[in-house]
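Hi,

Here's the structure I said I'd pass along. Have a look at it first, and my notes follow below.

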Amino acid sequence: MGLPTILSTLIGTSLTTGVRRLKRGPLRPGWSFKFEATVAFMRATNERVSKLGAAEQRAEMEQMSVPSPALKRVRREQVDAGGVPAEWFIPREGASDSVVLYLHGGSYVFGSTRTHGDLIARIALGTGARALGLNYRLAPEHPFPAPVEDTVAAYRWLLSTGVKPEQVAFCGDSAGGGLAIAALVSLRDAGVPLPAGAVLIAPWVDLECSGESVVAHERFDWGDKRMLLHWAKWYVGNADVRNPLISPWYADLRGLPPLFVHVGSAELQHDDGVRIIEKARTAGVRAHLEVWPEMVHNFQTFGEGFPEAVRGTAKLCEHLRSVLRQSAPGSALA
């Protein structure tokens with residue numbers, strides 16, 4: 001395992017992608033060779049890594065983290081956020097008083113402020129806010145409700161430091177997106193003042209994986225239903241998968257702050273994003289859905305070398321800025 005395996009996988013999937021495109025053309029009309037080869041590499045990596053133990057999965061994913069220009073432009077500070085390990089990403093040019101609380105993806109099994117550092121840094125730079133990346137506890141060692149408890153604790157800690165609820169926006173991808181909604185529901189039920197809103201990338205809100213896109217888009221995306229159910233089992237443990245704090249698709253969403261959701265039209269979680277926005281609107285929540293044509297899961301995390309990721313992150317930051325502006329007198333949600 002390790003770097004040699006990563007390199008051999010990258011070379012192998014690139015060659016396979018090149019040969020297949022010569023014979024049949026791109027898998028999706030709008031995909032460049034670089035984009036398609038990256039998706040193929042990530043799919044092969046997930047197939048291999050999903051067969052490992054949890055600790056090995058995390059180690060493999062951490063090794064794929066690389067330095068980026070954005071990381072050089074932020075100051076990073078580790079902090080204890082109410083008993084939860086976290087890390088500040090603060091633009092070196094200065095930041096506003098607003099805070100983006102970022103919840104990384106990784107199927108509740110892997111992921112950290114290291115694997116998602118580049119994206120968190122780009123969000124901090126694109127919003128001008130301080131971004132707090134949370135290293136919440138992971139399954140199977142810490143199944144539900146540990147990540148929800150950690151998110152609630154970190155948010156309460158932020159408020160205890162003098163940050164006002166309207167100065168905070170939740171942001172997260174995949175499992176982190178579902179976790180953000182679950183935390184909002186938990187905070188609402190506890191009577192805690194809610195943040196200004198949440199901007200989410202492909203939130204995983206149905207851990208039964210019942211959406212049609214989970215199967216229909218399997219040939220395009222970098223995961224499949226088998227992998228998702230495997231990881232979901234580790235997180236759910238002995239709980240009910242339909243518990244609304246596990247699968248927010250089953251939650252009462254009334255009273256939540258505005259939600260923005262980004263999904264790709266070719267990704268597994270497409271239906272999760274569409275359905276949660278429809279349910280939010282029915283519950284009277286101000287909700288906005290943005291579907292990105294041809295895009296796969298978490299394409300925003302691909303980095304600054306991909307124009308798709310640059311555009312996606314720019315729009316993400318635009319929505320975060322609009323959420324954080326709405327608390328100003330007379331302001332309106334964009």
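Contact here means heavy atoms within 4.5 Å. Keep in mind that this is a predicted model.

With that in hand, start at asparagine 298. Leaving out residues up to four places away in sequence, Asn298 touches Asp173, Ser174, Ile201, Ala202 and Trp222. You'll find Asn298 in the loop between strand 8 (287-292) and helix 11. Is Asn298 buried or exposed? Its relative accessibility is 5%, and buried means under 20%, so Asn298 counts as buried.

Next, the nonpolar cores. As a general point, nonpolar side chains tend to be buried together in soluble globular proteins. The largest core in this model has 85 residues, and Ile123, Leu132, Phe170 and Leu207 have the most contacts inside it. Helix 7 (residues 175-189) gives the most to this core, with nine residues. If you want a residue to click on, try Phe170: not counting residues up to four places away in sequence, its neighbours in contact include Leu101, Tyr155, Ala180, Leu184, Pro195, Val199 and Leu320. There is also a second, separate core of 16 residues, with Phe41, Val296, Phe299 and Phe302 among them.

Then there are two helix pairs.

Helix 5 (residues 117-127) and helix 11 (residues 307-325) have axes that come within 9 Å and cross at roughly 55°. The two helices are therefore oblique to each other, and helix 5 passes helix 11 in a right-handed crossing. On the helix 5 side the contact is made by Leu119, Arg122, Ile123, Gly126 and Thr127, while helix 11 brings Ala309, Thr313, Leu316, Cys317, Leu320 and Arg321. By class, that comes to six nonpolar, three polar and two charged residues. Two names come back here: Ile123, from the list for the largest core, and Leu320, which Phe170 touches.

The other pair is helix 1 (residues 3-24) with helix 2 (residues 33-49), whose axes come within 8 Å and cross at roughly 130°. That angle makes helix 1 oblique to helix 2, and the crossing is right-handed. The contact takes in residues of helix 1 including Ile6, Leu10, Thr13, Thr17 and Arg21, and residues of helix 2 including Phe33, Ala37, Phe41, Ala44 and Arg48. The split for this contact is seven nonpolar, seven polar and four charged. Phe41 is a name from the second core as well.

Cheers

Conventions: Residues are numbered from 1 along each chain as its sequence is written. This is a predicted model: local features need pLDDT of at least 70, side-chain atom pairs count only at pLDDT 80 or more; totals for chains, interfaces and linings use all residues. Side-chain values use heavy atoms; hydrogens and water are left out. Axes are lines fitted to C-alpha atoms, for helices over the stretch in contact, and angles run from 0 to 180 degrees between N-to-C directions. Helices (H or I, at least four residues) and strands (E, at least two) are DSSP runs, numbered from the N terminus. Angles under 35 degrees count as roughly parallel, over 145 as roughly antiparallel, 65 to 115 as roughly perpendicular and the rest as oblique. A crossing is left-handed if the near helix is turned anticlockwise from the far one by less than a right angle, and right-handed if clockwise. Ala, Val, Leu, Ile, Met, Phe, Trp, Tyr, Cys and Pro count as nonpolar, Asp, Glu, Lys and Arg as charged, and the others, Gly among them, as polar. A nonpolar core is a set of buried Ala, Val, Leu, Ile, Met, Phe, Trp, Tyr and Cys residues joined through side-chain atoms within 4.5 Å. Buried means under 20% relative accessible area, exposed over 50%, partly exposed in between (1.4 Å probe, protein chains only).
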